[in-house]
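The following report concerns charged side chains and one cysteine in a protein model. Please consult the sequence and the structure while reading.

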Amino acid sequence: KEKPPCRIYFIRCGDMVKIGYSRTFKNRVNNIRVSSPHPTELLGTIAGDGERERTLHRRFHQYREYGEWFRIEGRLAKFLQRLPKAKK
């Protein structure tokens with residue numbers, strides 16, 4: 001059986017965004033939603049794997065707050081505005 005492709009997801013919580021990846025990103029997003037004490041929003045996804053995720057983490061390192069969570073500022077804010085919108 002063929003594995004589903006990886007997706008990089010961008011989840012907003014307040015003024016922060018989590019940049020992560022998963023083969024089962026819908027399940028991952030739901031897990032983050034139910035475990036968060038604050039409302040979250042899936043901003044969008046793009047094709048990519050762990051290497052591309054790490055590239056994005058390095059690209060936006062100056063906005064890193066903790067782990068995979070980044071402040072939505074500057075170049076990262078502009079990048080997120082250009083993301084294909086998440087399907088409802």
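A salt bridge is taken here as a side-chain nitrogen of Lys or Arg within 4 Å of a carboxyl oxygen of Asp or Glu. The model is a predicted one, in which local features need pLDDT of at least 70 and side-chain atom pairs count only at pLDDT 80 or more, while totals for chains, interfaces and linings use all residues. Residues are numbered from 1 along each chain as its sequence is written, and side-chain values use heavy atoms, with hydrogens and water left out.

**Salt bridges**

Side chains of opposite charge can pair when their charged atoms come close. By the rule above, the count comes to six salt bridges. Three of them are listed here with their closest N and O atoms.

| Pair | N to O distance |
|---|---|
| Arg12 and Glu41 | 3.0 Å |
| Glu51 and Arg54 | 3.2 Å |
| Glu65 and Arg71 | 3.0 Å |

Helices (H or I, at least four residues) and strands (E, at least two) are DSSP runs, numbered from the N terminus. Because Arg12 lies in strand 1 and Glu41 in strand 3 (residues 41-47), their salt bridge ties together parts that are 29 residues apart in sequence. Glu51 and Arg54, by contrast, are three residues apart in helix 2 and therefore separated by about one helical turn. Glu51, Arg54 and Arg58 are also linked in a network of salt bridges.

Relative accessible area (1.4 Å probe, protein chains only) defines buried as under 20%, exposed as over 50%, and partly exposed as in between. Arg12 is partly exposed at 28%, and its partner Glu41 is partly exposed at 31%. Glu65 is partly exposed at 47%, as is Arg71 at 23%.

**Positive patch**

Patches are made of residues with over 30% relative accessible area and no salt bridge, like charges being joined within 9 Å. Lys and Arg count as positive, with the charge placed at NZ of Lys or CZ of Arg. Arg52, Arg59, Arg75, Lys78 and Arg82 gather in such a patch of positive charge on the surface. Helix 2 (50-59) and helix 3 (74-81) each give two or more residues to the positive patch. Arg52 lies in helix 2 and is partly exposed, at 40% relative accessibility.

**Cys13**

Cys13 is located in strand 1 (residues 7-13) and is buried, with a relative accessible area of 14%. Leaving aside neighbours within four places in sequence, Cys13 is in contact (heavy atoms within 4.5 Å) with Ser36, His38, Pro39, Thr40 and Trp69. The C-alpha atoms of Cys13 and Arg58 are separated by 21 Å.

Conventions:
Patch = residues over 30% accessible without salt bridge, like charges linked within 9 Å, V, L, I, M, F, W, Y side chains within 5 Å. Areas by Shrake-Rupley, 256 points an atom, 1.4 Å probe, with all protein chains shown as cover.
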